[in-house]
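Welcome to a short guided tour of a protein. Take a moment to turn the model around on your screen, and then read on with it in view.

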Amino acid sequence: KAGWKTFSTILFCFGMLLLVLVVICMIFAPQLVRLAAPGLGQDIMYEYAARMTRIIMPAQLCFFAGGLLMAVQYSKERFLIPALAPLIYNLGIIVGGVVLGPRIGVFGLAWGVLFGAVAGNLLVQFFGALKVGLRIYPRFKPLERDLLKYTLLTIPLIVGVSLSFSAEFVFRFFGSFLGAGRIAAINYALRIM
């Protein structure tokens with residue numbers, strides 16, 4: 001029971017913090033896009049990127065909660081349902097592109113990202129975690145000892161993951177000055193490397 005309470009504290013405290021950050025990012029999406037990719041050049045490109053950012057941003061909540069729900073399943077040595085998350089996520093993107101793309105263009109892919117994240121990383125993982133005994137208590141105790149211990153233990157992981165994502169930010173920043181399709185080309189080169 002104490003473990004489930006700690007899980008709930010982590011879920012609610014970090015989830016609320018992430019929710020606030022997501023809302024701020026959605027509000028300031030145009031400014032963030034200009035900061036992240038100043039070389040896009042065309043106002044329509046910024047508008048499209050800001051709209052897609054606003055559509056995709058709530059998916060971050062699904063990735064966060066889904067990661068915790070997958071961890072619950074891993075701790076019970078259940079791996080099948082967590083393995084489905086990226087498959088369902090990518091299927092959502094494909095379906096969004098195929099079904100919505102002809103109607104709303106590139107925004108269909110953005111909606112596919114959101115649908116895939118909700119379905120694969122949140123809903124399916126929630127039911128998988130329920131199958132292994134998930135218990136959630138509504139707890140918002142940001143100064144709880146176990147939460148502080150968890151936070152200190154995860155700082156190296158947070159720094160490590162942040163460093164790998166900072167490379168993507170640098171590629172997008174400089175790639176935005178190189179012309180159409182160059183950011184994608186840099187991403188493909190990184191994957192191949």
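Let us begin with a single residue on the outside: R145 has a relative accessibility of 63%, so it counts as exposed. Keep in mind that everything here comes from a predicted model. R145 shares a salt bridge with D146, with N and O 3.9 Å apart. Its partner D146 reaches 31% relative accessibility and is therefore partly exposed.

Under the rule used here, the count of salt bridges is 2. The other pair is E144 with R139, where the closest N and O atoms are 2.1 Å apart. Are these two residues buried or exposed? E144 has a relative accessibility of 18%, so it is buried. R139 is buried too, at 13%.

Here are the two salt bridges side by side.

| Acidic residue | Basic residue | N to O distance |
|---|---|---|
| E144 | R139 | 2.1 Å |
| D146 | R145 | 3.9 Å |

**The overall picture**

Now step back to the whole chain. The protein chain has 8 helices and 0 strands, so its pattern along the sequence, which you can trace from one end to the other, reads α-α-α-α-α-α-α-α. The C-alpha trace spans about 55 × 35 × 35 Å along its principal axes. Of the 193 residues in the chain, 31% are buried. Looking at contacts between residues at least 6 apart in sequence, 74% join residues at least 24 apart.

**Helix α1 and its neighbours**

Helix α1 covers residues 2-27. With 26 residues, α1 reaches 37 Å from its first C-alpha to its last, close to the expected 38 Å. Its buried residues include W4, F7, L11 and V22, and the buried residues of α1 pack against α4 (59-75) and α7.

Which residues does T6, in helix α1, touch beyond its neighbours in sequence? T6 is in contact with E144 and D146, leaving out residues up to four places away. You have met both of them already: E144 in the salt bridge with R139, and D146 in the salt bridge with R145. T6 has a relative accessible area of 18%, and because the limit for buried is under 20%, T6 counts as buried.

**Helix α7, with a bend**

Helix α7 runs over residues 145-175, which makes 31 residues. From first C-alpha to last, α7 reaches 44 Å, close to the 45 Å expected at 1.5 Å a residue. Where does α7 bend? The bend is at T154 and amounts to about 45°, with a proline, P156, following within four residues. T154 is also one of the buried residues of α7, together with L147, E168 and G175. The cover over these buried residues includes α1 and α8 (182-192).

**Aromatic rings and charges**

The count of aromatic pairs comes to 10. One of them joins F173 and F177 edge-to-face, with 5.8 Å between the centres and 75° between the planes. F173 has a relative accessible area of 24%, so it is partly exposed. F173 and F177 also belong to an aromatic cluster with F169 and F174.

Rings can have charged neighbours as well. The charged end of R34 sits over the ring of Y46, at 3.8 Å from its centre. K5 lies over the face of Y137, at 5.9 Å from the ring centre.

**Two residues of helix α6**

Finally, visit helix α6, residues 107-131, where you will find F127. A129 has its place in α6 too. Are F127 and A129 buried or exposed? F127 has 52% relative accessibility, so it counts as exposed, whereas A129, at 0%, counts as buried.

Both residues have a partner 58 residues away along the chain. The C-alpha atoms of F127 and L69 are separated by 9.1 Å, and those of A129 and A71 by 8.8 Å. Beyond its neighbours within four places in sequence, A129 is in contact with L69, V72, Q73 and L134.

Notes
Residues numbered from 1 in each chain as written. Predicted model: local features only at pLDDT ≥ 70, side-chain atom pairs only at ≥ 80, totals over all residues. Heavy atoms only, no water. Buried < 20%, exposed > 50% of the residue type's maximum accessible area, 1.4 Å probe, protein only. Contact = heavy atoms within 4.5 Å. Phe/Tyr/Trp six-rings, centres within 6.5 Å; stacked < 30°, edge-to-face > 60°. Lys NZ or Arg CZ within 6 Å of the ring centre and 35° of its normal. Expected span 1.5 Å × (residues − 1). Bend = angle between axes of the 7 residues up to and from the residue. Salt bridge = Lys/Arg side-chain N within 4 Å of Asp/Glu carboxyl O.
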